[in-house]
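Student: I am new to this structure and should be grateful for a close look at one part of it. Would you please explain that part step by step and then place it in its setting?

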Amino acid sequence: MRAGEFPDEIRSHLLPRTSGDLIYRCLQCDEIFPIENLLYTCPGCKSVLMIDDRQLDRLKEFPGPFWRSLFDYRKMINLPALKGIFLFHELIAPVIPLDDIIYLGEGHTPMVRANEPLQEWVGLDFYFKNDGQNPSASFKDRGMACALSYLNYLVRRQGLTEVLSICASTGDTSAAAALYSAYMSQTVKSAVLLPHKKVTPQQISQPLGSGARVFEIPGVFDDCMKVVEHLADHYHVALLNSKNAWRILGQESYSFEVAQGFDYELAGKVVVVPIGNAGNITAVMGGFLKLFDLGVIDTLPKIIGVQSEHADPVYRYYQEADLSKRVFRAVVVRPSVAQAAMIGNPVSMPRVIRLVETYEQAETSPGVFVVQVSEQEIMDCQLIANRNGHIACTQGGECLAGLRRALQEGIVAQGEVGVLDATAHSLKFAGFQESYFANELDSEYEIIPKQELKNVPSLIEAPGVERLPRPGITLSPEEFKNFVEATAQEIARQLGLKTKEPES
Ligand SMILES: *Cc1c(COP(=O)(O)O)cnc(C)c1O
Ligand SMILES: [Zn+2]
């Protein structure tokens, strides 16, 4: 829609102006720091930071219904800067001018409702929100769009020319970081650190294709993370891990979209996310709390975090019911098909602890829960979801397994509606499906492939065909006819097809 055609009360707010007073706040000592320099941890106590808008209350001058219609009308404006996560500019990073926003097609991913057989199998109505349909095929693009837009703003304001962006990754962060950095190739170079042999071939091809320097580090993600932290502490680099609080702000867009997708009516909704480094669940809680605070939503949704038995430090923490006895202990991870969440010492744990408290203290809060699932359930759920029309990755399968577990444990009940985060595209993790089908999953995963879920291609070598088509070889018309007919007959035989009646 053209700007002049929007209703009067919307038109003057359609294009957001820069506003707000953003600061880094230390979660441990409550110290605040200006945002003009990139900062990842508190210089005093080394704890993680959050970004707060000290003028958030200015947004309360307008009632919830105003924001709802503004965000809904904004979907109709054709301006690239507002086509992605910055449709919610006021709620994400209102200090960034529209001119500095980098938009590569992220956000506004579809919510796809489960078909009847799948709903029946689970026992609940639910949707997958396909965050694998982001540009680098995972939700990480949401946070990266915010972090790189802010970096772009700093680069332009401070006239910087040679910025090196760096991150450690279980695969998807590096794909997103390399993609957005490549878009800024004149000023930003990208380097990524990956745990050797712990990312899929598809994931490693992504930063390579974007032209990043790719380093493989022996060990698991937690080891990579330590190396990157050392680099960020001692050298001039822009850290793009979720320690970078700008990423959390961008990832809050997931919650804004879920709210928008249900016309801001979240009573009885259950939002399910896998937990790895815990940036995502932090952002999801933070996003809903912001909407609730501003009156954009009247009810908070229930939140369920899911972890595999092989990487479950957050689950273990919340197993202790007595708040005063809760202590966080990192775990040593074992191999997990939910590889993107295979993290034993989540960087955002202090943020989670803080936000769960706030979430549970909110008026009429439906609460936050963490459930644990087996590797077998993760893999089976992914395959079953995809056999019903979804494109879930293994972490999406983990969400489905988590929803079923939550139902069994009475955390959710009949009548509630699930929203499951399909955090990446199934193609990124195709190797796990392939190994499952071929019975070749390493025993460490503790998964026994189910015959009924397996699927392998059949090579058709029809009897009586002497010469087969090959590149560069032309068959005679007779040979080719013979090949087509015999091959078709063999397929029909294997499928048990009935021949058509001759037409009269
Ligand atoms: C990063 C990632 C996760 C885990 O998210 P955290 O923010 O680290 O908890 C889950 N699934 C996929 C596909 C990811 O890329
Ligand atoms: Zn501090």
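Tutor: The account below begins with the metal site and then turns to charged pairs and to the other ligand. Please keep in mind throughout that this is a predicted model.

The zinc ion (ligand 2) is held by four cysteine side chains: its protein donors are the SG atoms of Cys26, Cys29, Cys42 and Cys45, lying 2.3 Å from the ion. The angles among the four donor atoms run from 93 to 123°, and the site is tetrahedral. This assignment follows because four donors count as tetrahedral if all angles lie between 85 and 135 degrees. Along the sequence, the donor residues of the zinc ion follow the spacing C-x2-C-x12-C-x2-C. Two of these donors, Cys26 and Cys42, link distant parts of the chain, being 16 residues apart. Cys26 belongs to strand 1 (residues 22-26), whereas Cys42 sits in the loop between strand 2 (32-34) and strand 3 (49-53). Are these two cysteines buried or exposed? Cys26 has a relative accessible area of 1%, and Cys42 likewise has 1%. Buried means under 20% relative accessible area, so that is the term for Cys26 and for Cys42.

Elsewhere in the chain, parts are linked by charge. Side chains of opposite charge can pair when their charged atoms come close. A search of the whole structure finds 26 salt bridges. One of them joins Arg113 to Asp125, with 2.7 Å between the closest N and O atoms. Arg113 is in strand 4 (residues 111-113) and Asp125 in strand 5 (residues 125-130), so this pair ties together parts that are twelve residues apart in sequence. The two partners differ in accessibility: Arg113 is partly exposed at 47%, while Asp125 is buried at 17%.

Another salt bridge is formed by Asp131 and Arg142, whose closest N and O atoms are 2.7 Å apart. This pair also links distant parts of the chain, since Asp131 is in the loop between strand 5 and helix 5 (140-158) and Arg142 is in helix 5, eleven residues away. Both partners are buried: Asp131 has a relative accessibility of 0% and Arg142 one of 1%.

A further salt bridge connects Asp322 and Lys325, with 3.7 Å between the closest N and O atoms. Asp322 is partly exposed, at 30% relative accessibility, and Lys325 is exposed, at 55%. Some salt bridges share partners, and in this way Lys129, Asp131, Arg142 and Glu257 are joined into one network. The buried pair Asp131 and Arg142 thus belongs to that network.

The remaining subject is ligand 1, which is surrounded by 14 residues. The closest of them are Lys140, Asp172, Gly276, Asn277 and Asn280. Which of these residues have polar atoms placed against oxygen atoms of ligand 1? Asp172 does so through its side chain, a polar atom of which lies 2.6 Å from an oxygen atom of the ligand. Asn277 uses its backbone, where a polar atom is 2.8 Å from a ligand oxygen. Asn280 also takes part through a backbone N or O atom, at 2.7 Å from an oxygen atom of ligand 1. On its own, ligand 1 has 380 Å² of accessible area, and the protein covers 97% of it.

Methods
Residues numbered from 1 in each chain as written. Chains lettered and ligands numbered in written order. Predicted model: local features only at pLDDT ≥ 70, side-chain atom pairs only at ≥ 80, totals over all residues. Heavy atoms only, no water. Donors = N, O, S within 2.8 Å, 3.2 Å for Na, K, Ca; no water. Tetrahedral: all angles 85-135°; square planar, octahedral: opposite > 155°, others 65-115°. Helix = DSSP H or I, 4+ residues; strand = E, 2+ residues; numbered from the N terminus. Buried < 20%, exposed > 50% of the residue type's maximum accessible area, 1.4 Å probe, protein only. Salt bridge = Lys/Arg side-chain N within 4 Å of Asp/Glu carboxyl O. Near = heavy atom within 4 Å. Polar contact = N/O pair within 3.5 Å; in protein donor to acceptor, adjacent residues only side chain to side chain. Areas by Shrake-Rupley, 256 points an atom, 1.4 Å probe, with all protein chains shown as cover.
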